[in-house]
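Hi,

Here is the structure I promised to pass on. Have a look at it first, and my notes follow below.

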Amino acid sequence: MEEFLNPTMQPFLDSTTPFEEAHYVIIGAPFDGTSSYRRGSRFAPSAIRRASLYMETLSLRTGLDLDDVEIADVGDVKGLESVEEAVYAVEAVVRRVLGAGKVPIVIGGEHTVTLGALRALKPDAVVDFDAHFDLRDSLLGLRLSHATFMRRALEEFDTKLVVLGCRALSREEMEFASDEDDLTFVTSAELLKNGVERGAEAVLEELGDVSSVYLSIDMDVLDPAYAPAVGNPSPEGISVTMLLDILAEVVDGRFLGFDVTEVAPHYDSGLTATHAAYIILETIYALESARRG
Ligand code: MN
Ligand code: MN
C-alpha cells in the first residue's frame, strides 16, 4: 500500500495509532485536476487535518470520545498526474484498507476521487449528500470529472443511489435521474421543509434489502453559510446539524466507509475545513455507535 502513499507530517487529530491497530483509516486524496469552477481542493486534506487539531473530541450526540475509536492516518495518495491515476490510486489504497478489515475514510480532493472508493468497495448502495447529481455524460469535454463520475459509476456497476440535499441540477441530469429505477433523491428544499425524518425515511426505504453501503459527503450539500469554501457553492443548502441528524438515523453496520470532498480551503478563513473535520469525527462516532449496537 505504501507505494501509493505519501505519509503526512500532521495526521488527523494528531493520531499516532499504527495502521495495524486502527479500525478507521484516514486517506487523503489531494486531487483537483478536473474542478470546473474554483480549484484548490487539493489543499483540503491538510487544511482539514489542521482544523482537526483544535477540536474538542467528546461527542454529545453519541457519548463517545477519541479513546473509544482507533483512527490511523496513512497520509495522501500520490500519483495524481491525471484523473485516471488519481482514481486508480484511491481504489488501490481503499481496497487494501477494506482487505485488512478496516473502514476507509477518504478526504478529497474533488468528488471524482469517490469513484476510486466505489470501484474498490462495489457497495450495493451509495448514500450521497450533494447539491449536485454529478450525473452529466460529459462536462467541458471530459467524460471523467467531478460532474460526471457518478454516471460512470452507475454504468460500471449495479448500485442503488440515494442523493440527499440536491438542488443544482441540469435538465439532462434530471431526466436521467427520473428514468433511473435505482436512483432516489430528496431535494434540499424538501429536506428544509419536511425535516430530518423525510431524509432518513427515504434512505432507510432504499437500504431495506441491501447488505453494503457507502457514504459520500460532497461539502457543497451544506448551505454556503456553513461551507463557503467549496468548488461550486450553491444557495439554499442544508445545515451541518441536519446532515449529522440524518446520519445518526441511518448509519449502521452495513456502512463500509465514507468520504468528505470538495473543500477548497482558500476561499474562507477556516470555517469549511473546521466543519469538514467535525463531520468526519462525528461520522466515525456514528459508525462506532452502530458497531457497538
Ligand atoms: Mn459532487
Ligand atoms: Mn456538489
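**Salt bridges and the metal pair**

Let me start with Asp 137, which makes a salt bridge with Arg 143; the closest N and O atoms sit 2.8 Å apart. Keep in mind that this is a predicted model. Asp 137 counts as partly exposed, at 27% relative accessibility, and Arg 143 is partly exposed too, with a relative accessible area of 44%. The two also belong to a network of salt bridges that takes in Arg 152 and Glu 155.

In total, the count comes to 17 salt bridges. Two others caught my eye.

One joins the side chains of Arg 49 and Asp 76, at 3.0 Å from N to O. This pair links distant parts of the chain: Arg 49 is in helix 1 (residues 44–52) and Asp 76 is in strand 3 (residues 71–77), 27 residues apart. What about burial? Arg 49 has a relative accessible area of 1%, so it is buried. Asp 76 has 18%, and since buried means under 20%, Asp 76 is buried as well.

The other is between Asp 245 and Arg 61, with 2.8 Å between the closest N and O atoms. Here again distant parts of the chain are linked, with Asp 245 in helix 8 and Arg 61 in the loop between helix 1 and strand 3, 184 residues apart. Asp 245 is partly exposed at 28% relative accessibility, and Arg 61 is partly exposed with a relative accessible area of 37%.

Now for the metals. Which residues coordinate the manganese ion (ligand 2)? The donors are Asp 130 (OD), His 132 (ND1), Asp 218 (OD) and Asp 220, the last of these listed with OD twice, at 2.0 to 2.5 Å. Along the sequence, the spacing of these donor residues reads D-x1-H-x85-D-x1-D. His 132 and Asp 220 link distant parts of the chain: His 132 is in the loop between strand 5 (125–129) and helix 4 (149–156), while Asp 220 is in the loop between strand 8 (213–218) and helix 8 (240–250), 88 residues apart. Both His 132 and Asp 220 are buried.

There is a second metal to look at alongside this one. The manganese ion (ligand 1) lies 3.2 Å from the manganese ion (ligand 2), and Asp 130 coordinates both.

That is what I have for now. Shout if you want to go through any of it together.

Cheers

Conventions. Residues numbered from 1 in each chain as written. Chains lettered and ligands numbered in written order. Predicted model: local features only at pLDDT ≥ 70, side-chain atom pairs only at ≥ 80, totals over all residues. Heavy atoms only, no water. Donors = N, O, S within 2.8 Å, 3.2 Å for Na, K, Ca; no water. Helix = DSSP H or I, 4+ residues; strand = E, 2+ residues; numbered from the N terminus. Buried < 20%, exposed > 50% of the residue type's maximum accessible area, 1.4 Å probe, protein only. Salt bridge = Lys/Arg side-chain N within 4 Å of Asp/Glu carboxyl O.
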